[in-house]
Structures are given as C-alpha cells and as structure tokens.
Amino acid sequence: MEISEKLLCLFSTDVSEEEDRYIIEVPSQEVETGDVDPGEIYRVALISREEETRAEESTATTQPKTAPSEPQPPVDVGETRYVEIEDIGKQGDGIARVERGYVIIVPGADVGERVKIEVTEVKSNFAVGEIIEETF
C-alpha cells in the first residue's frame, strides 16, 4: 500500500451512526499537536481492519508494537536535517515543522532562516535541535 507524503496523522477509530449520517471521531491529540485544525476540510482514507492486521503481522518481527493512534516522532536523536524556521515560540526560540506538522524547536534561530540542525531531544509531540550550520 502506498502512503502519500501529505499524510498528516494516522489513528484508529470507530464509525458511529447518528440519525442520517455517520461520524468518524478524530482524537483530540491530533488537534492539540496541530496536525488537524477544526473547521478545515480533509481527505479521509479508510483502511479495512483485515488489511491492518496483515500489515501488523508482516511487521511484527521488525518493529515494536505501538498504539496506532500515537504515531512515532519523524526524527531521532542525533539525526541532522535542514529546516526552515517558520515561527518564533513564546520563549523566543525558532520553530520549524517537518512531517505531519511535527515541531522542532531551534534555540537561536530567526524566522525565515534555513539551518542545518542536529536533533538533541525527542518527545512525542516536539523535538529540540541545535544549529550546526547556517545557510542562506
């Protein structure tokens, strides 16, 4: 199965029925981490449980099991990346976003800068990166 690079989040949920419509609930974590904004329109792909079970079985020996509603951070400690600073946080640190809107905090960076960073800390909803090279 091919997954688009535009994938914002991945989670499991039930489809419930309410009068003449069906409801798919989005976990609050996806809104809180900035992956999904209320009021916006998104494309939704539904994957059958059979397909998911087969995929889990085929990766069970190579990957640790995690809850599907909690995607793993797209970066690792020690990884280097080029990022563009999009915003400044409340503490004055640069903010960059990578896959699925995942935030990397870059102390000492300014909006519009493109810098090479080394990831020094990784949390479930953000990471911290140290500038190792400034680019223009």
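Among contacts in the protein between residues at least 6 apart in sequence, what percentage join residues at least 24 apart? The share is 44%, where contact means heavy atoms within 4.5 Å.

1. Basis of the note. This is a predicted model, in which local features need pLDDT of at least 70 and side-chain atom pairs count only at pLDDT 80 or more, while totals for chains, interfaces and linings use all residues. Residues are numbered from 1 along each chain as its sequence is written, and side-chain values use heavy atoms, with hydrogens and water left out.

2. Overall make-up. The protein has two helices and eight strands, and along the sequence these follow the pattern β-β-α-α-β-β-β-β-β-β; here helices (H or I, at least four residues) and strands (E, at least two) are DSSP runs, numbered from the N terminus. Of the 136 residues, 18% count as buried, a word that stands for under 20% relative accessible area, with exposed meaning over 50% and partly exposed lying in between (1.4 Å probe, protein chains only). The accessible surface comes to about 10,300 Å², and 47% of it belongs to carbon and sulfur atoms; such areas come from the Shrake-Rupley method with a 1.4 Å probe, and for residues only the protein chains shown count as cover.

3. The sheet. Six strands form an open sheet with mixed pairing, in the order β3-β7-β8-β6-β5-β4, and two strands pair if DSSP finds at least two bridges between them. Strands β3 (80-84) and β4 (87-88) stand at the edges with a single partner strand each, so one side of each has no neighbour in the sheet.

4. The two edges. At one edge, β3 runs antiparallel to β7 and is joined to it by five bridges, with Thr80 having Glu118 of β7 as its bridge partner. The side chains of β3 alternate, since Arg81 and Val83 point to one face and are buried, while Thr80, Tyr82 and Glu84 point to the other and are not. At the other edge, two bridges join β4 to the antiparallel strand β5 (residues 94-97), and Ile95 in β5 is the bridge partner of Asp87.

5. A charged residue under cover. Glu113, in the loop between β6 and β7 (114-122), is buried yet has no salt bridge, and the nearest side chain of opposite charge, Arg114, is 12 Å away. A salt bridge here is a side-chain nitrogen of Lys or Arg within 4 Å of a carboxyl oxygen of Asp or Glu, and for charge Lys and Arg count as positive and Asp and Glu as negative, while His and the chain ends are not counted. Leaving aside neighbours within four places in sequence, Glu113 is in contact with Val83, Glu84, Ile85, Gly108 and Glu134.

6. Backbone angles to check. Most residues other than glycine have a negative phi. Glu19, however, has a positive phi of about 55°; this residue lies in the loop between β1 (15-18) and β2 and is exposed, at 77% relative accessibility. Arg100 also has a positive phi of about 55°, and its place is the loop between β5 and β6 (103-106).

7. A nonpolar surface patch. Val15, Tyr22, Ile24, Val44 and Leu46 form a nonpolar patch with about 550 Å² of accessible area together. Patches are made of residues with over 30% relative accessible area and no salt bridge, like charges being joined within 9 Å and nonpolar side chains (Val, Leu, Ile, Met, Phe, Trp, Tyr) within 5 Å. Ile24, which lies in strand β2 (residues 21-24), is partly exposed, with a relative accessible area of 36%.
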